[in-house]
Amino acid sequence: MALSPNLRGALFMAVSMAGFTMNDVLTKVVSDSMNMAQIMLIRGVFATVLIGVLAWHRGAFRVPRHMLDRWMVLRAVGEVVATLCFLTALAHLPIANVSAILQALPLGVTMGAALLFSEPVGWRRWLAIGVGFAGVLVIVRPGLEGFSVYSLFALGCVLACVVRDLATKRIDAEVPSLFVSTVTACAVSITGAALVVPYGGWTPVELADAGLLFGAAVLLLFGYQFIILSMRTGDISYIAPFRYTGLLWAILLGYLVFGDVPDAAMSVGATIIIGSGLYALYREQIVGRTRPAAASTSPAMAPDGL
């Protein structure tokens with residue numbers, strides 16, 4: 001039986017989240033062998049080549065003048081900061097904890113759009129935003145037993161991703177998304193190269209680690225393509241909630257690969273965040289404004305990972 005467009009879109013979204021999460025798993029494995037700057041450089045070069053070839057094939061480089069557009073630059077800066085924070089958190093925390101905190105991204109985008117762009121947000125969505133970030137505090141548990149300073153890096157990643165997504169909304173619509181991603185990949189790779197020495201210097205790269213980082217870059221491209229398919233196949237209002245399947249993948253793979261079992265605080269906090277995000281998305285459907293929460297579904301809920 002053929003699936004409806006919305007069901008196909010939801011399936012594509014879930015597959016894309018699996019791709020992004022498996023990329024995170026491979027990156028976390030390699031983080032035991034090299035510092036985050038070296039990971040940014042090597043994976044970034046692989047990703048730049050892969051996405052660059054695809055962008056060239058699709059004629060995405062026809063507007064090179066947009067490379068220095070202020071919103072393009074701001075997006076790249078947000079992505080660089082987000083990647084640094086994300087990799088730092090990922091190297092020191094269970095992958096499910098990092099993923100759970102990142103579920104607050106749609107709420108952050110909605111809040112940022114309201115504060116910076118004056119997009120109307122009613123009291124119910126403001127309440128959902130407040131409750132969602134309370135869920136983040138439950139996971140981070142500042143001042144309590146189990147608190148890790150690296151949780152703050154995950155929260156910093158959310159804030160940087162908000163900057164990235166809001167800047168993306170201001171980039172001229174004629175600029176192809178593949179061009180934007182290629183520029184971002186180059187920026188992250190260059191930053192990684194600049195930080196290799198400050199972060200401890202170059203570590204000889206084993207063939208297995210290089211293979212894992214290449215696989216991570218391929219999974220990024222895989223996830224990117226499937227999320228585009230999901231956006232083009234189904235209604236955003238229907239498929240956007242399926243971005244939360246990324247947390248399910250993170251919990252499953254975190255257990256299978258690293259033996260991590262989510263504790264009560266993480267489970268409760270993640271439930272609060274997801275519930276708040278779904279309610280905010282529902283309210284956006286009611287008032288006819290779906291852009292803020294939907295904006296953070298493309299190309300990924302985490303940093304592009306480039």
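**Exercise 1.** In this predicted model, work out which helix gives the most to the nonpolar surface patch.

*Solution.* Start with the members: Val29, Trp249, Leu252, Tyr255, Leu256, Val257 and Val261 make up the patch. Together they offer about 650 Å² of accessible area. Next, look at helix α11, which spans residues 245-258. Tyr255, for one, sits in that helix. The tally: α11 gives the most to the patch, with five residues.

**Exercise 2.** Take Ser118 and Arg141, and decide for each whether the residue is buried or exposed.

*Solution.* First, place them. Ser118 is in the loop between α5 (105-117) and α6 (123-140), while Arg141 is in the loop between α6 and α7. Now check the backbone: most residues other than glycine have a negative phi. Ser118, though not a glycine, has a positive phi of about 60°, and Arg141 has a positive phi near 45°. Then go to accessibility. Ser118 has a relative accessible area of 60%, so it's exposed. Arg141 comes in at 13%, so it counts as buried.

**Exercise 3.** Find out how many residues of helix α4 are buried.

*Solution.* Helix α4 covers residues 95-102. Go along the helix: Ile95, Ala96, Asn97 and Val98 are among the buried ones, and Ser99, Ala100, Ile101 and Leu102 are buried too. That's eight of eight, and the helix is mostly covered.

**Exercise 4.** Locate Ala173 and say why it counts as exposed.

*Solution.* Ala173 lies in the loop between α7 (150-170) and α8 (177-195). Its relative accessibility is 81%, and the cut-off for exposed is over 50%, so Ala173 qualifies. For a sense of distance, the C-alpha atoms of Ala173 and Leu54 are separated by 19 Å, with the two residues 119 apart along the chain.

Note on methods: Residues are numbered from 1 along each chain as its sequence is written. This is a predicted model: local features need pLDDT of at least 70, side-chain atom pairs count only at pLDDT 80 or more; totals for chains, interfaces and linings use all residues. Side-chain values use heavy atoms; hydrogens and water are left out. Buried means under 20% relative accessible area, exposed over 50%, partly exposed in between (1.4 Å probe, protein chains only). Helices (H or I, at least four residues) and strands (E, at least two) are DSSP runs, numbered from the N terminus. Patches are made of residues with over 30% relative accessible area and no salt bridge: like charges are joined within 9 Å, nonpolar side chains (Val, Leu, Ile, Met, Phe, Trp, Tyr) within 5 Å. Accessible areas come from the Shrake-Rupley method with a 1.4 Å probe; for residues, only the protein chains shown count as cover. A salt bridge is a side-chain nitrogen of Lys or Arg within 4 Å of a carboxyl oxygen of Asp or Glu.
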